[in-house]
Amino acid sequence: MKENKREKTIILAIETSCDETAASVVENGRNVLSNIISSQIEIHKEFGGVVPEVASRKHIENINDVVSRAMIEANTKPNDIDAIAVTYGPGLVGALLVGINFAKGLSYAWEKPLIGVNHIEGHINANYIENKDLKPPFLCLVVSGGHTDLVHVKDYGIYEVLGMTRDDAAGEAFDKVARAIGLGYPGGPLIDKAAMAGNKDAIKFPRAIIDDDTLDFSFSGLKSAVLNYLHNSKQKNETVKIEDVAASFQEAVVDVLAAKTIKAAKQENLTTIALAGGVASNSSLRKRLQEKCLTHNYIFMKPSPILCTDNAAMVGCAGYYKYLAEKFADSSLNAMPNLELAN
Ligand code: KG4
Ligand code: ZN
């Protein structure tokens with residue numbers, strides 16, 4: 001990797017992979033000068049989930065304003081920018097295309113290099129922002145709406161995926177269960193809140209493949225178990241305590257995530273564990289991993305919730321390390337909805 005000879009490298013980053021239009025200006029990868037996030041949650045709420053076409057349309061309406069605000073808040077002019085980083089996958093194709101096209105336009109007009117960033121790599125890199133001393137290697141549990149991955153971060157930009165979900169992602173399970181118990185969208189934060197008033201031992205839900213050798217996950221059986229429980233209770237005319245269902249479901253998810261994370265750390269001989277992605281905001285998961293790491297004498301890192309949710313600061317951070325590695329994109333950069341984490 002190229003050593004950064006310049007005192008300052010400033011990246012303008014753009015993120016539009018799902019329902020947040022975001023832009024950020026990041027200095028030297030870890031110093032966030034601005035982090036603007038325009039969320040569409042209120043719009044998608046009435047549909048009970050993200051409507052891809054609506055998301056694309058909202059990105060196109062908002063992106064100019066979001067990028068301008070990021071530049072103004074950071075007190076940066078186009079000339080101060082060294083490169084433009086943009087998420088090019090995974091995500092919703094129409095949503096990604098808005099950000100990519102906008103970034104290409106700026107790259108062309110301002111004559112600045114373009115960098116394509118993997119959204120999951122962005123989530124992992126969010127850990128560098130607040131933990132200035134964090135360096136690879138470390139283990140990262142990535143839990144988002146579309147992913148549940150255990151990743152060995154071998155070096156900047158070098159990843160090995162040790163395990164992943166075989167069916168539903170953790171966030172997807174949260175969202176589906178929240179819908180089933182009538183909490184609405186987005187499910188994760190609502191289950192987290194409801195669970196605080198519930199009994200986590202009230203209902204014994206399954207912990208899929210927790211004891212298997214694999215580092216893979218599976219959450220669809222747990223989701224079905226919750227649906228069956230609700231169905232059976234209704235048939236028996238029993239009242240369901242939503243808070244207990246939320247707490248018991250969350251406990252089952254956290255048990256599996258924590259057990260597999262510790263298993264992976266032991267297997268890979270890693271003593272630093274990081275958490276990333278939207279579900280990384282979950283209070284019970286954060287607490288459990290913190291406790292487990294304390295017991296095993298591991299260092300535990302977790303980004304603040306604002307850096308766990310989709311944002312562009314994490315894209316700017318990942319973009320910086322790609323800038324140092326001179327991994328630039330050209331004007332043919334396209335959206336990759338199923339992009340995988342690769343070296
Ligand atoms: O990373 P993210 O913002 O978007 C994707 O890349 O998918 O993750 C969104 C997911 C949603 O499924 C949402 O319900 C979940 O993160 N989430 C949570 C919490 N906050 C957000 N899940 C559990 N507990 C939370 N506090
Ligand atoms: Zn995300």
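Two residues are in contact when heavy atoms of each lie within 4.5 Å. By that criterion, 73% of the contacts in the chain between residues at least 6 apart in sequence join residues at least 24 apart. The model is predicted.

The chain has 343 residues, and a compact globule of that length would have a radius of gyration near 20 Å. The value for the chain is 20 Å, so the two agree. The C-alpha trace spans about 65 × 45 × 30 Å along its principal axes. The secondary structure consists of 11 helices and 10 strands. Of the 343 residues, 55% are buried. The exposed surface of the chain comes to about 15,000 Å². Carbon and sulfur atoms supply 49% of that surface.

Helix α5 was examined against two other helices. The first pairing is with α7. Helix α5 covers residues 170–180, and helix α7 covers residues 220–235. Their axes lie 10 Å apart and make an angle of about 5 degrees. Angles under 35 degrees count as roughly parallel, so α5 is roughly parallel to α7. On the α5 side, the contact is made by K176, V177 and A180. On the α7 side, K223, V226, L227 and L230 take part. Five residues of this contact are nonpolar, none is polar and two are charged.

The second pairing is with α8, which spans residues 242–268. The axes of α5 and α8 come within 11 Å and cross at roughly 170 degrees. An angle over 145 degrees counts as roughly antiparallel, and α5 and α8 are therefore roughly antiparallel to each other. Here A173, F174 and V177 of α5 meet F249, Q250 and V253 of α8. Five of the residues in this contact are nonpolar, one is polar and none is charged. V177 of α5 takes part in the contact with α7 and in the contact with α8.

Helix α7 also contains Q235. Residues over 50% relative accessible area count as exposed. Q235 has a relative accessible area of 63% and is therefore exposed. Q235 and N35 are 200 residues apart in sequence. Their C-alpha atoms are 49 Å apart in space.

N237 follows in the loop between α7 and α8. Its phi is near 60 degrees, a positive value in a residue other than glycine. N237 is exposed, with a relative accessible area of 73%. A positive phi is also found at E111, where the angle is near 55 degrees. E111 is not a glycine either. This residue sits in the loop between α3 and β5, the latter being residues 114–118. E111 counts as exposed, at 71% relative accessibility.

Beyond α8, T271 lies in the loop that leads to β9 (272–276). T271 counts as partly exposed because its relative accessibility is 47%. Apart from neighbours within four places in sequence, T271 is in contact with Y298 and I299. The C-alpha atoms of T271 and N297 are separated by 7.6 Å. Along the chain, T271 and N297 are 26 residues apart.

Y321 belongs to helix α11, which runs over residues 313–324. The cut-off for a buried residue is under 20% relative accessible area. Y321 has 10% relative accessibility and so counts as buried. Y321 and G29 are 292 residues apart in sequence. In space, the C-alpha atoms of Y321 and G29 are 7.1 Å apart.

Cis peptide bonds were examined at two prolines. The bond from G89 to P90 is cis, with omega near -10 degrees. P90 lies in the loop between β4 (83–89) and α3 (93–110). The bond from P136 to P137 is cis, with omega near 5 degrees. P137 is placed in the loop between α4 (119–130) and β6 (138–143).

Methods. Residues numbered from 1 in each chain as written. Chains lettered and ligands numbered in written order. Predicted model: local features only at pLDDT ≥ 70, side-chain atom pairs only at ≥ 80, totals over all residues. Heavy atoms only, no water. Axes fitted to C-alpha atoms, helices over the stretch in contact; angles between N-to-C directions. Helix = DSSP H or I, 4+ residues; strand = E, 2+ residues; numbered from the N terminus. Parallel < 35°, antiparallel > 145°, perpendicular 65-115°, else oblique. Nonpolar A, V, L, I, M, F, W, Y, C, P; charged D, E, K, R; others polar. Rg over C-alpha atoms; globule rule 2.2 N^0.38 Å. Buried < 20%, exposed > 50% of the residue type's maximum accessible area, 1.4 Å probe, protein only. Areas by Shrake-Rupley, 256 points an atom, 1.4 Å probe, with all protein chains shown as cover.
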